[in-house]
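Open the model in your viewer and keep the selection tool at hand. Each stop below says what to select and what is there.

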Protein chains: 2
Amino acid sequence: MKTLLMLAAAAAATPAPKAALAPSEIVAAAPKGDWVAIAASDLLVMDLASGKRVVIQLMPPPFSQGWVGNIRKLAAAKWWDGTSINRVQDNYVVQWGDATEKKALPADLLTVLQNQYVFPADQRIMRILSDKQRIVTRVVATRPARINETRPIRMSDPYSAVGGHLIGWPIATGDGGIWPVHCYGMVGVGRDMPPDTGTGAELYTVIGHAPRHLDRNIALVGRVISGIENLSSLPRGTGPLGFYEKPEQRVTIMSIRIGSEIKDLPRFEYLSTESASFAAYADARANRRDPFFIVPAGGADICNIPVPVRVAK
Amino acid sequence: MKTLLMLAAAAAATPAPKAALAPSEIVAAAPKGDWVAIAASDLLVMDLASGKRVVIQLMPPPFSQGWVGNIRKLAAAKWWDGTSINRVQDNYVVQWGDATEKKALPADLLTVLQNQYVFPADQRIMRILSDKQRIVTRVVATRPARINETRPIRMSDPYSAVGGHLIGWPIATGDGGIWPVHCYGMVGVGRDMPPDTGTGAELYTVIGHAPRHLDRNIALVGRVISGIENLSSLPRGTGPLGFYEKPEQRVTIMSIRIGSEIKDLPRFEYLSTESASFAAYADARANRRDPFFIVPAGGADICNIPVPVRVAK
């Protein structure tokens, strides 16, 4: 209690020449060069019978490329057209695919092994992480401090040795490997009991608190970058695990296509997670200094620092 | 990678006399004595014009009692009747109250100070925490290990010194104080810029990843224990911060009453966070050993261990 009162007193005594920027303001001020274009060929566009659209960015190498390759084949085969959203479980996932579980799959899909849930932290990745650490250290050293921030920012992660961001994605590190993280909006591959790993035909996205216990147990293949509200606001299913109990409750999928097949699709870009802008944004997420806040948290978990994505200007 | 392969090999080599229980199965098997009845007088019942109902459990002492007292007065005055849900921001909050911001408040509401966001960890609380630690240690020592679990469970929290559960609620500890945590479904008090702390007339609930940066910055007064899907599945507002842009988009609140005023309300109970059942449940959430999982996480964050609540049998 005493420390809190002291912090409040320090804040009152410090002259504030101008209000500190909110994380969204730091993102808005990021230079053009800190944004990375997302190729249309790396997007998956889902159009629903309701007329609503959901845009998914597929994961880049080295992550989950066996499943991503399958998803490209399924989209090319128009396999999902006429399938449906079948499951909406509150604070968990929205899931889609073939409700009948009888539709024949393309013959050339890969069977991906369980060891593909985690990837080796090779030299290229270690170099990116090291370069990034230098940027973070520099940004934190020069950050505008509204109050006496004597403690380093906590980024401790109960699910891994280190949680952070890498090449635009939420990534955890540990046991000599790296793996993608189940944050809100991430897209994963439904599967049966192990050693099954799923093909990619059955997909889900997270619509609640990050279900991190799924990390390293299920493949992550992308994230929703536009239209998540068209999934997260659907009526919850009342059957076990949130499956819809009646066929007429399912939401029909008109089509799923790779973005380069779609006319007039906006161009999307994400804020480079290796940029100084991202380091300042993450720092501000961990220690809010904009006027609404009175006690900065002192830390943040990886899923509470979502990677900014926008339509390119 | 190597460690993962070894874990998988160990799992295959270990004879499995029976499958380990899933967290939900541990909860279902908890003895009656591990459940704590929630008094109807500690519930807030919100009935929407749609006919849907949302039930909120109010926070117990020592937490946030100034605001909880105001909320009891507002309910007694039928102040919310005819107000509305005005804001639905994806992956953040649903907020309700008087959209006109002109409705007169009861005259006897307290103005609560900012120092009430955090509470001293007094002797009674320290004793509860210490008793609980003994139970956790015993449960973890005797847990069924499907695989070689040599590491202690990680419960590290980037937002506090210790995150855990206390008297049925998600609570963080640090700086000599304790405070409630913004998990999914928690209910908080909207406010203006500090030093305003809000009255309790404007409320919100979390419908996304835990916005822990709000901890210690806004009062938490309860949690939704039934009907959260009637809020989380509402259409997202398209105005700034997810406010509905047109009055007709708002969802009218028919009434909000204290539970003891409601006829035929089910009796609710929660799993004591100081019970051996809860310790086993939390352990199983951190290290899933049920057959679907191949790699136990080794840890969990506080909001990924929701306190089980059910209708009493």
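The tour goes from the whole complex to one strand, then to a chain end.

**Before you start.** This is a predicted model, where local features need pLDDT of at least 70, side-chain atom pairs count only at pLDDT 80 or more, and totals for chains, interfaces and linings use all residues. Residues are numbered from 1 along each chain as its sequence is written, chains are lettered from A and ligands numbered from 1 in the order in which they are written, and side-chain values use heavy atoms, with hydrogens and water left out.

**Stop 1: both chains.** Select chains A and B. A turn of 180° and a shift of 0.0 Å along the axis lay chain B on chain A, with an RMSD of 0.0 Å (least squares on the C-alpha atoms of residues with pLDDT of at least 70 in both). The two copies are thus related as by a two-fold rotation axis. Both use the same surface: 98% of the contact residues of chain B recur in chain A (contact: heavy atoms within 4.5 Å). The predictor gives the complex an ipTM of 0.92 and a pTM of 0.92.

**Stop 2: strand β13 of chain B.** Select residues 251-258 of chain B. Strands are DSSP runs of E, at least two residues, numbered from the N terminus. Six of the eight residues here are buried, so β13 is largely enclosed by the rest of the structure (buried: under 20% relative accessible area, 1.4 Å probe, protein chains only).

**Stop 3: its partners.** Strands pair if DSSP finds at least two bridges between them. Add β2 of chain B, residues 43-48: five bridges join β2 to β13(B), antiparallel. B:Met46 stands opposite B:Ile256. Now add β4 of chain B, residues 84-88, which also runs antiparallel to β13(B), with two bridges. B:Ile85 has B:Val251 as its bridge partner.

**Stop 4: the start of chain A.** Color chain A by pLDDT, the predictor's confidence in each residue, from 0 to 100. The mean for chain A is 90, and 91% of its residues reach 70 or more. Select residues 1-17 of chain A: pLDDT stays under 50 there, and the model has 17 contacts beyond four places in sequence for them. Where pLDDT is low, the predicted coordinates should not be read in detail.

Technical notes
Buried < 20%, exposed > 50% of the residue type's maximum accessible area, 1.4 Å probe, protein only. Helix = DSSP H or I, 4+ residues; strand = E, 2+ residues; numbered from the N terminus.
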